[in-house]
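This report describes the fold, the charged pairs and the surface patches of one protein chain. Please view the sequence and the structure together while reading.

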Amino acid sequence: MFTTFYRLIKTGFTNFLRNGWLSLASTIIMTLTLLTISIFLILNIVLTQGIQTIQDKIDISVYISDSAKGQTVLDLQKELSDNPDVKKVKYVSKDEAKARYQEKFKNNPQLKESLDDGGENPLPASLEIKTYNPDKLSTLLPVFEKEEYKSMVRKVSYKENKEVIDRLFKATEFIKKIGWGLAGAFIITSLIIIFNTIRTAIYTHKDEIEIMKLVGANPWFIKWPFLIEGIMYGVFGTILSLVAISITLRLLAVSFNSYFGEGDTGDQVFGFLIKNLATLVILMLGVGITIGVTSSSIAIRKYLKKS
């Protein structure tokens, strides 16, 4: 039994080597297929993490008129604080708004000095409101329309923040569609190329196959070397894909971090890869071997039907 199994594996490996450039092309396409699927999944993690990071920073800024009475501002702040959806309400004075502005534009002397001319501070005081769930921000809007607060509210920043989130979600959905499209195209390409590679191997060994059929060899004994060859494309494709993904993520970690800020998204994604390496390997092997075995099965079945 062991000897038969060894012969089947040896024959499959020999077929893989004999096909030369065809085997190389099949392996490269398989690698690209698995790489596309893996990057697509990891990209979803990056986008989800990025959106979460931005959502955590999203709030409503309610800009208050300079003529607003202090008690009215306190009443509004208390009503917002008592809302169960509200996590935090912070009052930002005109002086603090000015200090923030100058810090933000400290590398732009012209803008920074525009408030240092000794004139009146044009920046308004504001209330910064954070909710436990960013989706609940819109439920606060009716509060600012109340008669007692309407005259003191100069502007509410909700619309601009909502547009940022909406654009991110649209971009994510678009990338998902592109990812599925690319993955589907590469899977079909892999199936076709591996099918033709296996078919070439079958015709190379057609005399041996005919002899085995004449002596009454089990059909599975004929099929297994070609199935093993298909499995090898999946295995080698998985190994090359993992190497490429690891190197790419390590190199791009700095870019991810600088884009998404202090969340260290790049390191988190790379850490996710290491932590879930076994799951990713199983997933990639499953996809790769399925593609290889499917192509091999179709090729050998077509040949055996014709002969």
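Among contacts in the protein between residues at least 6 apart in sequence, 82% join residues at least 24 apart. The coordinates come from a predicted model, and every value below was computed from it.

**Overall architecture**

The protein contains twelve helices and four strands. Of its 307 residues, 36% are buried. The accessible surface amounts to about 18200 Å², and carbon and sulfur atoms account for 63% of that area.

**Salt bridges**

Side chains of opposite charge can pair when their charged atoms come close. In this model, four salt bridges are counted. Three of these pairs are set out here, with the separation of N and O atoms in each case.

| Basic residue | Acidic residue | N to O distance |
|---|---|---|
| Lys-78 | Asp-82 | 2.9 Å |
| Lys-146 | Glu-79 | 2.4 Å |
| Lys-90 | Glu-96 | 3.3 Å |

In the pair formed by Asp-82 and Lys-78, both residues are exposed.

Lys-146 and Glu-79 are also joined by a salt bridge. This pair connects distant parts of the chain, with the two positions 67 residues apart in numbering. Lys-146 lies in the loop between helix 6 (141-144) and helix 7 (147-150), whereas Glu-79 belongs to helix 3 (residues 70-81). Lys-146 has a relative accessibility of 32% and therefore counts as partly exposed. Glu-79 is likewise classed as partly exposed because its relative accessible area is 26%.

The third tabulated pair brings together the side chains of Lys-90 and Glu-96. Lys-90 is partly exposed, at 31% relative accessibility. Glu-96 is partly exposed as well, with a relative accessible area of 26%.

**Nonpolar surface patch**

Which residues make the nonpolar surface patch of about 520 Å²? The contributors are Val-235, Phe-236, Ile-239, Val-243, Ile-247 and Leu-251. One of them, Phe-236, is situated in helix 10 (residues 219-260). Phe-236 shows 31% relative accessibility, so this residue counts as partly exposed. That value also satisfies the requirement of over 30% relative accessible area for a residue to be part of a patch.

**Positive surface patch and helix 12**

A second patch carries positive charge and is formed by Arg-199, Arg-301, Lys-302 and Lys-305. Which element gives the most to the positive patch? Helix 12 does, supplying three residues. Arg-301 is placed in helix 12. With a relative accessible area of 43%, Arg-301 is partly exposed, because partly exposed residues fall between the limits of 20% for buried and 50% for exposed.

Helix 12 covers residues 277-306 and includes Leu-277. At 35% relative accessibility, Leu-277 is partly exposed. The C-alpha atoms of Leu-277 and Leu-242 are separated by 9.0 Å, although these two residues are 35 residues apart along the chain.

**Summary**

The predicted model thus offers several features for inspection. Among them are the salt bridge between Lys-146 and Glu-79, which links distant parts of the chain, the nonpolar patch that includes Phe-236, and the positive patch to which helix 12 gives the most.

Technical notes
Residues are numbered from 1 along each chain as its sequence is written. This is a predicted model: local features need pLDDT of at least 70, side-chain atom pairs count only at pLDDT 80 or more; totals for chains, interfaces and linings use all residues. Side-chain values use heavy atoms; hydrogens and water are left out. Buried means under 20% relative accessible area, exposed over 50%, partly exposed in between (1.4 Å probe, protein chains only). Contact means heavy atoms within 4.5 Å. Accessible areas come from the Shrake-Rupley method with a 1.4 Å probe; for residues, only the protein chains shown count as cover. Patches are made of residues with over 30% relative accessible area and no salt bridge: like charges are joined within 9 Å, nonpolar side chains (Val, Leu, Ile, Met, Phe, Trp, Tyr) within 5 Å. Lys and Arg count as positive and Asp and Glu as negative; His and the chain ends are not counted. The place of a charge is taken as NZ of Lys, CZ of Arg, CG of Asp or CD of Glu.
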